[in-house]
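This report introduces one chain of a structure to a reader who has not met it before, taking its fold, its shape and its contacts in turn.

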Amino acid sequence: MSGFTLQGILANVYETGAFWLLSLVALGAALAVVGLKNIVHSAFSLVLSFVAMAGLFMLLEADFLAMVQLLVYAGAISILLVFAIMLTRRPEGKMQESNPFGRYALPAGLVAFFLFLAIAALVLRVSWVSGPGVPAASTVGPLAEAFLTTYVVPLEVAAILLLVALVGAIMLAGGGKR
Amino acid sequence: MASVETVFLSGDQWLKNWLFSWGMPESWVFLCTVVVYAVAVLLFVFANVIFLVYLERKVAGYMQQRLGPNRVGPGGIFQCVADALKLLGKEDIIPASADRGLFRLASLLIFIPATMLFVVIPFGREMIVADLNVGLLYFIAVGSTATIAVLMGGWSANNKYSLLGSMRAVAQMISYEIPLAFSLLGVIMLAGSLRMSEIVAAQKDLWFVVLQPVAFITYFIAATAELNRGPFDLPEGEQEIIAGPFVEYSGMRYALFFLAEYANLVSVSALAVTLFFGGWQGPWLPSWLWFVIKVYFMIFLFMWVKWTFPRIRVDHLMGLAWKFLLPVSLVNVFVTGTAIKLFQAMGW
Amino acid sequence: MIGLGHYLVVAGGLFAIGLFGALAKRNAIAILMGIELMLNAVNLNFIAFNRFLAPAQVVGHVFAVCVIVVAAAEVAVGLAIVLGIYRRHLSTDVEHFDWLKW
């Protein structure tokens, strides 16, 4: 049963179909996050968007990051968001109107739309050339090596940032008072 | 003996040859075999789950000095069939105030991660659906998404008990994921790979449970909590919050949550066997049989613990994860790393 | 064949949607969701550039990991602030958050 590796899957004709499917799901779910009126529904479509994006990472042969995306975004951050939603239910508790648009929805929409048009126009004007080399079969080893040699300072900074954020979040949420 | 060993592999090869003989292009054959693998994994999961429901009640009866189910069939073996028929026949009740779409979706979503976990489990020699080079990480990542369905089910029922239960469940699962992942680090360091087949191969001479006893105990405790099984079954503590996240579910939808729990029990036991008990390796018997025997031994351990210890309190539960298991697993990682370096320096 | 341009356009779309969410929504948690979408789009860009322009290296992955760390820290602190405000004023609506204004 081991004849088919992941690289084997990605090398064949399904890549194009998978790309279109995953990007449509990611974009559609992202639109639902913004458009839905019930914030719990928004949060769950955010999860769907994250999962589809993990699939896109897989297509880009970033296996480690795809798993981290699932673990951190779909498994932790979105859960945290849903938790926060449940802890901040309004007194009147109307979930149907819990995620309204603000006063600046129209200008914001225009800004976002024209930003997208500008990005797309710029991207499509450039004829991209692929760089030299082939991607590694597994990114775990090279990534570990990069983090523990060249990028050891960013790694440590990230660790300190996480620690500070952890302590700060606990203090802000009121855990430090008692 | 050799034919028994490779019965599934030769079946796979026969299927591929048969499909090729129809003149199918390779990509179509690949698609067909993927479907066949998926069906095979699902069959394995369902067969085990149905047997486990029976086994749990028998083990519970044995532990409590009573007989357990013994009316339907010899030794009560068909009790599960009767239960399944009853659940199938029940009305599918959706509460009036529930968020109907999410309520329906949650009962289906719970099953997806539970079955996806089996993709990276090596069931026997070369019997693994996808031998990913991040296999172990895949297991942890996909396992962590199961919390979303629990939260969805608990929220959408619009019932205070189910909301409380699902929040308890999610808090518990997120807390215990950390010691679980850290306990696996020791094994990863020894094997030098996240690929399941290489982890199994690294245990050819010595099972990792001998080298990593602390990691195994940490894994066992954290996995029990991940599965929401006793003594950590607070999310569904019957005496406090009736049945936790699934109070409002009935009939087949309830059965799906129930089945997903047992599917997770199988996958967590299978991972324990792969990482600590040498996977499918063993003398005389075919590899897949060894695997099943070891998995059932692990499942028996989980059941033994469930029916032996009383449920613990919620603050003790969190304290155990953060103040005891996490430091212990960190120390284990440190000691393992030091030992590996030491052994390398001594030139072993 | 799917090239770098495809991925960049998808990432641009996700970024624009996230920006729209962050600017147009009134619920503070929805704004955080928009920011998460934008950070994800940036990650997709990093990985796509890495895959097509320097496949043999993992520099883009290193950046993406740092972005994920920052996103996790940001969402934890952001939600703690939202919870703190909610506890005092029983609202998560940013148009009610005007206590710094005179």
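Among contacts in chain C between residues at least 6 apart in sequence, what percentage join residues at least 24 apart? In this predicted model, the answer for chain C is 50% of such contacts.

## Fold and shape

Chain C contains three helices and zero strands, and its elements, when they are followed along the sequence, give the pattern α-α-α. The radius of gyration of chain C is 17 Å, which is well over the 13 Å that the globule rule gives for 102 residues, so chain C is more spread out than a compact globule.

The extent of the chain can also be described along its principal axes, where the C-alpha trace of chain C spans about 55 × 25 × 20 Å. As for burial, 59% of the 102 residues of chain C count as buried.

## Contacts with chain A

Chain C also meets chain A, and here 64 residues of chain C are in contact with 74 residues of chain A. On the side of chain C that touches chain A, the elements that give two or more residues are helix 1 (4-24), helix 2 (28-53) and helix 3 (59-89) of chain C. Helix 3 of chain C gives the most to this side, with 21 residues.

When the residues on the side of chain C that touches chain A are divided by character, 45 are nonpolar, 13 are polar and six are charged.

How values were computed:
Residues numbered from 1 in each chain as written. Chains lettered and ligands numbered in written order. Predicted model: local features only at pLDDT ≥ 70, side-chain atom pairs only at ≥ 80, totals over all residues. Helix = DSSP H or I, 4+ residues; strand = E, 2+ residues; numbered from the N terminus. Rg over C-alpha atoms; globule rule 2.2 N^0.38 Å. Buried ≥ 20, exposed ≤ 12 C-beta atoms within 10 Å, placed from the backbone. Contact = placed C-beta atoms within 7 Å. Nonpolar A, V, L, I, M, F, W, Y, C, P; charged D, E, K, R; others polar.
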